[in-house]
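Please walk me through this protein for a reader who has not seen it before, taking a few of its residues in turn and then one of its pockets.

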Amino acid sequence: MPGEKGNLQKILEQGAFSVSAEIGPPMGADASVVIKKAQELKGVVDAANITDNQTAVVRMSSIAASYLSSMNGVEPVVQMTCRDRNRIAIQSDLLGAYALGLKNLLVLSGDHQSFGNHPQSKNVFDVDSIQLLYSLRKMKEEGVFMGGSKCKSPAEFFLGATVNPFADPEELQMIRLRKKINAGAQFVQTQAIYDVAKFAEWMEKVRGLGLHKKAYILAGIVVNKSLKSIEMTQIVPGMLVPCELVERMRAAGPGNYDSEGVGIALDLIEEIRKIEGVSGIHIMAIGWESIVPTLVARAGLLPRPAIE
């Protein structure tokens, strides 16, 4: 029904600590891949991001995979990047997504195509993520398209954005966060949090600006399955992984990397839940969706709260 709120929005609005995860669509047309992942997450998370050609690699449409997820018991968060579509295509696709009953939308700029499997392709970036958020908010509130013409039946998404608390310069990131929220973001997912002390400092600044009262902040949690994965994360620009966590994984030994990765994630979740203004966690178990039920259960976050 138009205007009806989704599960994720209701959970957050009633003050419960939300749990979301991710489903990566396959590099092919096999619907069973998405269905299997959704079935693993059913009843475990409040919603799951369906990535949009992540790292600029061609995959099944985020909207199509989101519909498959919704048909199999997991509310999706449709991801929409600004890289691949102009404003006509973006609005058209999102009207279609909303017509299919998809309620949540995460707006992203998108990874540059040079990272993916079609580096020769042209990017679009007709609008950026802040402009798209603002335009979709106007569509909801005023019923108009980006060009100013009337939209008879607007898409009324629960709008989300992303932020990296550790990217430099920090002041610019805070300005972008404020701009995204003012543009229309109702929830914000952070990049992976490993340094909880630094994240707590960042959240103090968020609270100082009152941004946690304007949008729900969901802290990103990556579940590392190997020593190499956490070592690679440590060298990614904008990521802050304390050396002691890498050493902790190394000390666990090859046969215990996966269990130690879960242990690290559980410790991070426990500490993050204590930080004022954090409304939930967003779990990124890249290629390891099957571990999410175990992680959520051991974190004491099951059963998920009922909708009031």
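A residue counts as buried when its relative accessible area is under 20%. The model shown here is a predicted one, and Phe-199 is a good place to begin: its relative accessibility is 0%, so it counts as buried. Trp-202, with a relative accessibility of 2%, is likewise counted as buried. Both residues belong to helix α7, where Phe-199 and Trp-202 are three residues apart, about one turn of the helix.

The aromatic rings deserve a closer look. A pair of such rings is described by the distance of the centres and the angle of the planes. In this model the count comes to three aromatic pairs. One of them is formed by Tyr-98 and Phe-157, whose rings stand edge-to-face, with 5.3 Å from centre to centre and 75 degrees between the planes. Because Tyr-98 sits in helix α4 (residues 87–99) while Phe-157 sits in the loop between α5 (129–142) and β5 (158–163), this pair ties together parts that are 59 residues apart in sequence. Tyr-98 and Phe-157 are both buried. In the pair of Phe-199 and Trp-202, the ring centres are 5.8 Å apart and the planes meet at 20 degrees, so these rings are stacked, since planes under 30 degrees apart count as stacked.

Phe-199 also appears among the contacts of two strand residues. Val-278, which is found in strand β8 (residues 278–284), is buried with a relative accessible area of 10%. Apart from residues up to four places away in sequence, Val-278 touches Phe-17, Phe-199, Met-203, Ile-217, Ala-219 and Ile-272. Val-241, by comparison, lies 37 residues from Val-278 in sequence and 20 Å from Val-278 in space, taken from C-alpha to C-alpha.

The other strand residue is Thr-190, which lies in strand β6 (residues 187–192) and counts as buried at 4% relative accessibility. With residues up to four places away in sequence again left out, Thr-190 touches Val-163, Pro-165, Phe-199, Ile-217, Leu-218, Ala-219, Gly-220 and Met-284. For Gly-220 a polar atom is involved as well: the backbone nitrogen of Gly-220 lies 2.8 Å from a polar atom of the side chain of Thr-190.

With which side chain does the side chain of Asn-104 make a polar contact? The partner is the side chain of Glu-75, at 2.7 Å. Asn-104 lies in strand β4 (residues 104–108), and its relative accessibility is 0%, so Asn-104 counts as buried. Neighbours within four places in sequence aside, Asn-104 is in contact with Leu-8, Glu-75, Pro-76, Val-77, Val-78, Phe-157 and Phe-158; Phe-157 in this list is the residue that forms an edge-to-face pair with Tyr-98.

The last stop is empty space. Rolling a probe the size of a water molecule over the atoms shows where such space is left. The second largest pocket has a volume of about 190 Å³, and it is lined by Pro-165, Phe-166, Ala-167, Asp-168, Glu-170, Lys-198, Glu-201, Trp-202, Lys-205, Gly-238, Met-239 and Leu-240. Helix α7 (residues 196–208) gives the largest share of this lining, four residues. By character, the lining of the second largest pocket divides into six nonpolar residues, one polar residue and five charged residues. Two residues in the lining, Pro-165 and Trp-202, have appeared already: Pro-165 is one of the contacts of Thr-190, and Trp-202 is the stacked partner of Phe-199.

How values were computed:
Residues are numbered from 1 along each chain as its sequence is written. This is a predicted model: local features need pLDDT of at least 70, side-chain atom pairs count only at pLDDT 80 or more; totals for chains, interfaces and linings use all residues. Side-chain values use heavy atoms; hydrogens and water are left out. On a 1 Å grid over the protein atoms alone, a cavity is a set of points where a 1.4 Å probe fits but cannot get out, and a pocket is an open set with protein on both sides within 12 Å along at least five of seven lines; lining residues have an atom within 4 Å of a point. Grid points are joined across faces, edges and corners, and a volume is the space filled by probe spheres set on the points. Ala, Val, Leu, Ile, Met, Phe, Trp, Tyr, Cys and Pro count as nonpolar, Asp, Glu, Lys and Arg as charged, and the others, Gly among them, as polar. Buried means under 20% relative accessible area, exposed over 50%, partly exposed in between (1.4 Å probe, protein chains only). Contact means heavy atoms within 4.5 Å. A polar contact is a pair of N or O atoms within 3.5 Å; within protein, one must be able to donate a hydrogen and the other to accept it, and residues adjacent in sequence count only if both atoms are side-chain atoms. Rings of Phe, Tyr and Trp (its six-membered ring) pair if their centres lie within 6.5 Å; planes under 30 degrees apart count as stacked, over 60 as edge-to-face and the rest as tilted.
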